[in-house]
Amino acid sequence: AGSCWLVGIWTSKIFIRNLQEESFRRSANIAHAILSGIDPADFSAVDRPEDRGGEAYERIYGTAKRICELSKVEYTPQWILHKIRQGRYYFGINNWRGPIFEPFIVPKERRIFFDALRQKTPQSGTYRDDQGEWSSYVVPVADQDGKVINVLELYRSTDAQARIEAEIRTKVARVM
């Protein structure tokens, strides 16, 4: 019975890890679709608060919104395109059409945000803030000179994933 229980725990961990990896793969695919659908010049064209609502802003917003809504699949992430200035994050174009270029304070614990800037590669992970726990996939966006000027963040609450993980554990326990 003990070895059976250990196999059940091991199996649950594999399922949960695969679920997390699939979530990040989905975010990577959505990020690729969004970034492929936007003219790189538009990223540089949105550089001031006054650019909100302008043609480049609307093209970026429209592309990201259309791709995220096209998926209309459960657990599709929310998105924000952070503006990067002198290595600091600012709110950029986002799915809720909020203000842009306000400072976005990134706590040091959210290493994926800093690693994305330093390594200039996509990063993924989870973090907790005063609104809950989040799973994020961040992709740096460089200009023609290779300087990171934006970071696309796809994020979702981990609540749904936690429910699925609990369901996996329950089903495995029943089989056990």
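Colleague: Leaving aside its neighbours within four places in sequence, which residues is Phe43 in contact with, and what makes a pair count as a contact?

Modeller: Contact means that heavy atoms lie within 4.5 Å. By that rule, the partners of Phe43 are Leu35, Ile38, Ile60, Leu81, Lys83, Val141, Ile149 and Asn150. This is a predicted model: local features need pLDDT of at least 70, side-chain atom pairs count only at pLDDT 80 or more, and totals for chains, interfaces and linings use all residues. Residues are numbered from 1 along each chain as its sequence is written, and side-chain values use heavy atoms, with hydrogens and water left out.

Colleague: What makes a set of residues a nonpolar core, and which members of the largest one touch the most others?

Modeller: The members must be buried Ala, Val, Leu, Ile, Met, Phe, Trp, Tyr or Cys residues, joined through side-chain atoms within 4.5 Å. Buried means under 20% relative accessible area, exposed means over 50%, and partly exposed is in between (1.4 Å probe, protein chains only). The largest core has 25 residues, and Ile34, Phe43, Val46, Ile60, Trp79, Leu81 and Ile93 touch the most other members. Two or more residues come from each of helix H1 (2-36), helix H3 (55-71), strand E1 (78-85), strand E4 (132-142) and strand E5 (148-157). Helix H3 gives the most, seven residues. A second, separate core has 15 residues, among them Tyr89, Ala116, Trp134 and Val151.

Colleague: How are helices and strands defined, and how many of each does the protein chain have?

Modeller: They are DSSP runs, numbered from the N terminus: a helix is H or I over at least four residues, a strand is E over at least two. The protein chain has five of each, in the order α-α-α-β-β-α-β-β-β-α along the sequence.

Colleague: Why is Asp42 called buried or exposed?

Modeller: Asp42 has 6% relative accessibility, so it counts as buried. Asp42 is in helix H2 (residues 40-45). Leaving aside neighbours within four places in sequence, its contacts are Ala56, Arg59 and Ile60. Across the protein chain, 42% of the 176 residues are buried.

Colleague: How do you know that Arg59 and Glu55 form a salt bridge?

Modeller: A salt bridge needs a side-chain nitrogen of Lys or Arg within 4 Å of a carboxyl oxygen of Asp or Glu. For Arg59 and Glu55 the distance is 3.8 Å, N to O, so the pair qualifies. Both lie in helix H3, four residues apart, about one turn of the helix. An α-helix has 3.6 residues a turn, so residues three or four places apart point the same way. Arg59 is partly exposed at 41%, while Glu55, at 63%, is exposed. Asp42, Glu55 and Arg59 are linked in a network of salt bridges.

Colleague: What makes the link between Glu58 and Arg97 one between distant parts of the chain?

Modeller: In this salt bridge the closest N and O atoms are 2.6 Å apart. Glu58 is in helix H3 and Arg97 is in the loop between strand E2 (88-94) and helix H4 (111-119), 39 residues apart. Glu58, with a relative accessible area of 32%, is partly exposed, and Arg97, at 30%, is also partly exposed. The whole structure has 12 salt bridges.

Colleague: What makes an empty space a cavity, and how many cavities of 30 Å³ or more are found?

Modeller: On a 1 Å grid over the protein atoms alone, a cavity is a set of points where a 1.4 Å probe fits but cannot get out. The search finds one cavity of 30 Å³ or more. The largest cavity has a volume of about 70 Å³, where volume is the space filled by probe spheres set on the points, with points joined across faces, edges and corners.

Colleague: Which residues line the largest cavity, and how do they divide into nonpolar, polar and charged?

Modeller: A lining residue has an atom within 4 Å of a point. The lining consists of Phe43, Val46, Ile60, Leu81, His82, Lys83, Gly92, Ile93, Ile100, Phe101 and Asn150. Strands E1 and E2 are the elements that give two or more residues to the lining, and E1 has the largest share, three residues. Ala, Val, Leu, Ile, Met, Phe, Trp, Tyr, Cys and Pro count as nonpolar, Asp, Glu, Lys and Arg as charged, and the others, Gly among them, as polar. The lining therefore divides into seven nonpolar, three polar and one charged.

Technical notes:
On a 1 Å grid over the protein atoms alone, a cavity is a set of points where a 1.4 Å probe fits but cannot get out, and a pocket is an open set with protein on both sides within 12 Å along at least five of seven lines; lining residues have an atom within 4 Å of a point.
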